[in-house]
Amino acid sequence: NLGVYAEGSILESQVSGATTHEYRVGINLGFQLTSLQRLNFGYSWEGDAGEAAGTIDDQIHRFDTSWTRQLAENTTFGVQFNQSYLRSRLATSDQDQFELRFVLTHGFAMSGQR
């Protein structure tokens with residue numbers, strides 16, 4: 001599976017009247033390894049600009065990787081690794097975040113008969 005998106009927004013504050021610009025792009029790629037296992041990769045970028053739409057003040061890069069395995073009809077186990085990097089031209093410092101998750105999901109199915 002392949003997914004791609006792009007978005008742009010112009011926001012205006014009702015209090016101060018200041019205008020900001022927001023941009024987002026991303027790509028997601030998923031592979032079905034076997035009938036029970038799936039591998040996903042994703043990258044996204046977000047940028048914020050003030051009045052000058054062409055000058056990005058803050059930008060966030062996100063990388064997501066996940067592996068899932070179906071254990072039963074409504075039960076899956078997975079591992080997710082997420083990274084994000086905030087880069088700023090303003091007085092705030094750059095920030096890096098890393099996250100590792102182990103996920104066990106059990107759902108249910110509802111069906112009705114007449």
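The legends below describe close-up views of a predicted model.

**View 1. Six strands form one open sheet in this predicted model.** The strands follow the order β1-β2-β3-β4-β5-β6, and their pairing is antiparallel. At the edges lie β1 (2–12) and β6 (95–106), each of which pairs on one side only. On average, neighbouring strands of this sheet are turned by 10° against each other, direction ignored. As background, strands of a sheet pair through backbone hydrogen bonds, and the pairing may be parallel or antiparallel.

**View 2. Strands β2 and β3 form a hairpin.** Strand β2 covers residues 19–32, and strand β3 covers residues 37–49. The two strands run antiparallel and are joined by 12 bridges. Between them lie 4 residues of the hairpin. One pair of residues to locate in this view is Q32 and R38, since Q32 stands opposite R38 in β3.

**View 3. A hairpin also joins strand β3 to strand β4.** The connection passes through 6 residues. Strand β4 spans residues 56–72, and its antiparallel pairing with β3 extends over 13 bridges. Two pairs of facing residues may be followed across the strands. W45 stands opposite H61 in β4, and the bridge partner of E46 in β4 is I60.

**View 4. R38 is a buried residue without a salt bridge.** This arginine is found in strand β3. The nearest side chain of opposite charge belongs to D64, which is 14 Å away; a salt bridge requires the side-chain nitrogen and the carboxyl oxygen to be within 4 Å of each other. Which side chain makes a polar contact with the side chain of R38? The partner is Q32, at 3.1 Å. Not counting residues up to four places away in sequence, R38 touches N1, G30, F31, Q32, L33, S66, W67 and T68. Q32 therefore appears both in the list of residues touched by R38 and as the residue opposite R38 in the strand pairing, where pairing rests on bridges found by DSSP.

**View 5. E7 and R24 form a salt bridge between strands β1 and β2.** The closest N and O atoms of the pair are 3.4 Å apart. The pair links distant parts of the chain, with E7 in strand β1 and R24 in strand β2, 17 residues apart. E7 is partly exposed, with a relative accessible area of 41%. R24 also counts as partly exposed, at 28% relative accessibility.

**View 6. E46 and R62 meet in a salt bridge through their side chains.** The N to O distance is 2.7 Å. Because E46 lies in strand β3 and R62 in strand β4, the pair ties together parts that are 16 residues apart in sequence. The relative accessible area of E46 is 24%, so this residue is partly exposed. R62 counts as partly exposed as well, with 30% relative accessibility.

**View 7. R101 and E99 form a further salt bridge, and other salt bridges join into a network.** The side chains of R101 and E99 meet at 3.3 Å, N to O. R101 has a relative accessible area of 41% and is partly exposed; E99, with 32%, is likewise partly exposed. Elsewhere, salt bridges that share partners join E7, E22, R24, E46 and R62 into one network. In total, the structure holds 6 salt bridges.

Definitions and conventions:
Residues are numbered from 1 along each chain as its sequence is written. This is a predicted model: local features need pLDDT of at least 70, side-chain atom pairs count only at pLDDT 80 or more; totals for chains, interfaces and linings use all residues. Side-chain values use heavy atoms; hydrogens and water are left out. Buried means under 20% relative accessible area, exposed over 50%, partly exposed in between (1.4 Å probe, protein chains only). Lys and Arg count as positive and Asp and Glu as negative; His and the chain ends are not counted. A polar contact is a pair of N or O atoms within 3.5 Å; within protein, one must be able to donate a hydrogen and the other to accept it, and residues adjacent in sequence count only if both atoms are side-chain atoms. Contact means heavy atoms within 4.5 Å. Axes are lines fitted to C-alpha atoms, for helices over the stretch in contact, and angles run from 0 to 180 degrees between N-to-C directions.
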